[in-house]
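Welcome! Here is a short, friendly tour for anyone meeting this protein for the first time. Have the model open beside you as you read.

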Amino acid sequence: MQKRTTSRDVARLAGVSQATVSYVFTGKDTISAPTRDRVLRAAAELNYQPNLAARSMRTSRTGRLAVVMTVSSLNPRELLLGATEAASEAGYVIEVVYLPGGPDERAARLAQLVSSSQYEGILSFSPIPVSPASADAEPGATVVLSLSEFDDDMHVTGEFTDARPIAEMMERLVQLGHRRFVHITGALDFPSAISRRDEYLAAVERLGVESLGVIEGDWSAETGYRIAQALPDTAPPFALIAANDLVATGAMRAAIQRGWHIPSDMSVTGWDDAGQSAYLVPSLTTVVQDRQTLGANAARRLIAAVRREPVPAPATGLQHIVWRESTAAPRS
């Protein structure tokens with residue numbers, strides 16, 4: 001059986017004392033940033049995992065963090081991947097806890113988690129009924145960090161409601177020669193759908209182009225297909241600004257069935273960079289949302305609050321356009 005890596009091994013590789021390794025993984029603020037980085041690099045190289053049970057007995061610190069989710073329908077894979085990797089680098093493990101029911105039930109369950117002292121910190125990507133993490137929290141108390149990236153129904157409300165990529169895509173399409181546009185929205189009870197619609201309308205006015213319509217959708221491929229089938233035969237050439245990749249995919253199928261060529265008859269853009277979008281024929285121009293970085297940044301902010309260190313600023317610049325084959329100059 002392979003010998004388990006110990007803190008002594010990490011200390012030897014990093015050129016520090018075993019106590020320094022312990023201080024890094026228990027969050028003591030007396031360790032300089034370069035020393036902490038050297039210890040964490042050595043730990044990663046050796047695949048070192050701290051003994052959380054032993055740490056808890058020695059220090060009353062559990063080495064455990066919780067991410068609470070308010071609905072089970074969210075697919076949190078990328079958020080949790082980023083948060084888990086950042087936590088592991090700092091010597092913590094993350095567990096996911098769902099808060100069921102309405103606001104009162106969630107508040108009661110959260111209070112139980114806080115009072116149980118099972119977790120050094122609790123992270124939520126949507127609002128929960130507690131005060132955000134603060135440097136003024138009582139030492140040793142469970143720190144709770146509530147972000148505002150999503151609402152109670154996991155509709156994006158933070159960085160990901162920034163719709164400026166819509167304007168950037170339309171500006172590029174105008175440069176290519178497009179003068180006619182259509183926008184299929186997402187469901188308009190989503191802040192992101194409203195933001196993208198408003199950005200589209202503002203760009204139409206600012207760029208002096210023709211809008212063939214703003215048509216309300218529901219984020220589904222079926223809606224994109226149905227709306228594209230109903231567009232007039234005189235619509236091409238035009239550019240379709242779809243609310244997301246599913247809408248764009250449905251619209252592309254309808255366009256091909258109508259004999260329209262993509263992208264010269266109908267250029268199309270999506271949003272979300274869904275897994276299949278790069279492999280469509282033609283591949284889909286879309287907006288990437290870096291949820292993994294968001295999750296990692298959120299975990300680092302929580303850990304800094306737990307360790308009573310300066311809390312990093314929220315992540316920004318998490319969206320960018322990937323230009324692919326579905327956008328090009330219109331046919332003349």
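## A loop to start with

Pro282 sits in the loop that links E8 and E9. The peptide bond leading into this proline, from Val281 to Pro282, is cis, with omega near 0 degrees. Please keep in mind that this is a predicted model. With that in hand, here is the rest of the picture, topic by topic.

**The overall picture**

- The protein contains 11 helices and 10 strands.
- It has 332 residues, of which 49% count as buried.
- Among contacts with a separation of 6 or more, 72% are between residues 24 or more positions apart.

**The four-stranded sheet**

- Four strands make an open sheet with parallel pairing, in the order E2-E1-E3-E4.
- Strand E2 (93-98) and strand E4 (143-146) are at the edges with a single partner strand each, so one side of each has no neighbour in the sheet.
- From one strand to the next, the twist averages 20 degrees.
- Inside this sheet, strand E1 (residues 64-69) runs parallel to strand E3 (residues 121-124), and 4 bridges join them.
- To find this pairing on screen, look for Val67, which stands opposite Leu123 in E3.

**Helices across that sheet**

- Helix H5 (residues 77-89) lies across E1 and E2, and it runs at about 145 degrees to E2.
- Helix H6 (residues 103-116) lies across E1, E2, E3 and E4, at about 150 degrees to E3.
- In the loop between H6 and E3 you will meet Ser117, which has a positive phi of about 60 degrees although it is not a glycine.
- Ser117 has 48% relative accessibility, so it counts as partly exposed.

**The nonpolar cores**

- The largest nonpolar core holds 27 residues, and the ones with the most contacts inside it are Leu65, Val67, Tyr92, Leu123, Phe125 and Leu302.
- E1, H5, E4 and helix H11 (291-306) are the elements that give two or more residues to this core.
- H11 supplies the largest share, with 8 residues.
- Another core, of 21 residues, lies apart from this one and includes Val182, Ala228, Ala251 and Val268.
- Such groupings fit a wider pattern: in soluble globular proteins, nonpolar side chains tend to be buried together.
- For a closer look at the largest core, try Leu65: leaving aside neighbours within four places in sequence, its contacts include Ala87, Tyr92, Val93, Ile94, Leu302 and Ile303.

**Strand E7 and its partners**

- All 5 of the 5 residues in strand E7 (residues 238-242) are buried.
- Phe238, Leu240 and Ala242 point one way from E7, while Ala239 and Ile241 point the other way.
- E7 pairs in the parallel sense with strand E5 (residues 180-184) over 4 bridges, and Ile184 stands opposite Ala242 in E7.
- E7 also pairs in the parallel sense with strand E8 (residues 266-269), over 4 bridges; here Ala239 stands opposite Ser267 in E8.
- Together, E7, helix H10 (residues 245-257) and E8 form a right-handed β-α-β unit.
- In the loop between helix H9 (221-230) and E7 you can find Pro237, and the peptide bond from Pro236 to Pro237 is cis, with omega near -5 degrees.

**Helix H7**

- Helix H7 (residues 164-176) has 13 residues and reaches 19 Å from its first C-alpha to its last, close to the 18 Å expected at 1.5 Å a residue.
- Its buried residues are Pro165, Ile166, Ala167, Met169, Met170, Leu173 and Val174.
- A general point helps in reading such a list: an α-helix has 3.6 residues a turn, so residues three or four places apart point the same way.
- The buried residues of H7 pack against E5, helix H8 (191-207), E7, E8, strand E9 (286-289) and strand E10 (319-322).
- Gly177, just after H7, takes a positive phi of about 120 degrees.

**Back to the E8-E9 loop**

- Asp273 is also found in the loop between E8 and E9, and has a positive phi of about 50 degrees although it is not a glycine.
- Asp273 is at 27% relative accessibility, so it counts as partly exposed.

Notes. Residues numbered from 1 in each chain as written. Predicted model: local features only at pLDDT ≥ 70, side-chain atom pairs only at ≥ 80, totals over all residues. Heavy atoms only, no water. Buried < 20%, exposed > 50% of the residue type's maximum accessible area, 1.4 Å probe, protein only. Pairing = 2+ DSSP bridges. Right-handed = clockwise from strand over helix to strand, strands pointing away. Axes fitted to C-alpha atoms, helices over the stretch in contact; angles between N-to-C directions. Contact = heavy atoms within 4.5 Å. Core = buried A, V, L, I, M, F, W, Y, C linked by side-chain atoms within 4.5 Å. Expected span 1.5 Å × (residues − 1).
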